[in-house]
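Please look over the structure shown here. The report below walks through it, from the overall layout to single residues.

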Amino acid sequence: NNPPAQKPEALLPPPPAADGAPAAFDAVVLNAAFSTLYDPAAVLSRCADLLAPDGRLLVSHHLGANFPARIHEQDPVFLPHKLPASRDDVAALVRHLPLRLADFSHEDEFYLALMER
């Protein structure tokens with residue numbers, strides 16, 4: 001008999017702080033995942049809720065934004081969204097959230113949008 005599978009700690013909500021206030025993550029990483037989200041705004045909002053006051057949210061793709069864009073063009077059901085193509089696009093996505101864009105890189109083989117709470 002195998003022991004029951006345990007969920008990775010990073011996917012569980014953090015435990016409450018000693019004073020009863022909700023604890024939060026220092027960082028949330030969406031690597032090669034953003035394009036698969038059916039409601040990116042809702043996911044970004046939930047990520048912002050999970051972040052500590054100085055927490056960071058990283059949206060990245062190790063093959064760059066062009067790779068998921070090509071797949072999206074071929075099959076928008078499989079990949080419903082492209083990565084935000086510019087600083088302005090990222091800023092528009094988080095304009096109503098307690099996040100600010102801290103860094104952005106859109107290269108042929110690497111994509112990064114770093115937001116801070």
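From the N terminus on, the elements of the protein chain follow the order β-α-β-α-α-β-β. That makes three helices and four strands. The model is predicted. Its mean pLDDT over the protein chain is 86, and 80% of the residues score at least 70. Among the elements, E4 has the highest mean pLDDT, at 96, and H1 the lowest, at 90. Where pLDDT is low, the predicted coordinates should not be read in detail.

**The chain as a whole**

The protein chain has 117 residues, and 33% of them are buried. Its accessible surface comes to about 7,700 Å². Carbon and sulfur atoms account for 55% of that surface. Sequence distance matters for reading the contacts. Take the contacts between residues at least 6 apart in sequence: 58% of them join residues at least 24 apart.

**The core**

The largest nonpolar core holds 22 residues. Leu44, Leu57, Val59, Leu99, Tyr111, Ala113 and Met115 touch the most other members. E1, H1, E2, H3, E3 (100–107) and E4 (110–116) each supply at least two residues of this core.

Ala113 is one of those well-connected members. Leaving out residues up to four places away in sequence, Ala113 touches Leu57, Leu58, Val59, Val90, Leu101, Asp103 and Phe104.

Phe104 and Tyr111 are both buried. How many aromatic pairs are there? The count comes to one. The pair is that of Phe104 and Tyr111, with ring centres 5.6 Å apart. The planes stand at 90°, so the pair is edge-to-face.

**Helix H1 and its cover**

Helix H1 spans residues 40–50, and its buried residues are Pro40, Leu44, Cys47 and Ala48. They cover an arc of only 100° around the axis, so they sit on the same side of H1. Which elements cover them? The cover includes strand E1 (25–31), strand E2 (51–61) and helix H3 (87–94).

Ala48 belongs to this helix. Its relative accessibility is 0%, so Ala48 counts as buried. Beyond its neighbours within four places in sequence, Ala48 is in contact with Pro98, Leu99 and Arg117. Ala27 lies 21 residues from Ala48 along the chain, and their C-alpha atoms are separated by 9.7 Å.

**Two more residues to find**

His72 lies in helix H2, which covers residues 66–74. Is His72 buried or exposed? His72 is buried, because its relative accessible area of 15% is under the 20% cut-off. Setting aside neighbours within four places in sequence, His72 is in contact with Leu79, Pro80, His81 and Lys82.

Ala32 lies in the loop between E1 and H1. What is notable about its backbone is phi: the angle is near 60°, a positive value in a residue other than glycine. Ala32 counts as partly exposed, with a relative accessibility of 34%.

The table sets three residues side by side.

| Residue | Location | Relative accessibility | State |
|---|---|---|---|
| Ala48 | helix H1 | 0% | buried |
| His72 | helix H2 | 15% | buried |
| Ala32 | loop between E1 and H1 | 34% | partly exposed |

Definitions and conventions. Residues are numbered from 1 along each chain as its sequence is written. This is a predicted model: local features need pLDDT of at least 70, side-chain atom pairs count only at pLDDT 80 or more; totals for chains, interfaces and linings use all residues. Side-chain values use heavy atoms; hydrogens and water are left out. Buried means under 20% relative accessible area, exposed over 50%, partly exposed in between (1.4 Å probe, protein chains only). Contact means heavy atoms within 4.5 Å. The arc is that of the directions from the helix axis to the C-beta atoms. Rings of Phe, Tyr and Trp (its six-membered ring) pair if their centres lie within 6.5 Å; planes under 30 degrees apart count as stacked, over 60 as edge-to-face and the rest as tilted. A nonpolar core is a set of buried Ala, Val, Leu, Ile, Met, Phe, Trp, Tyr and Cys residues joined through side-chain atoms within 4.5 Å. pLDDT is the predictor's confidence in each residue, from 0 to 100. Accessible areas come from the Shrake-Rupley method with a 1.4 Å probe; for residues, only the protein chains shown count as cover.
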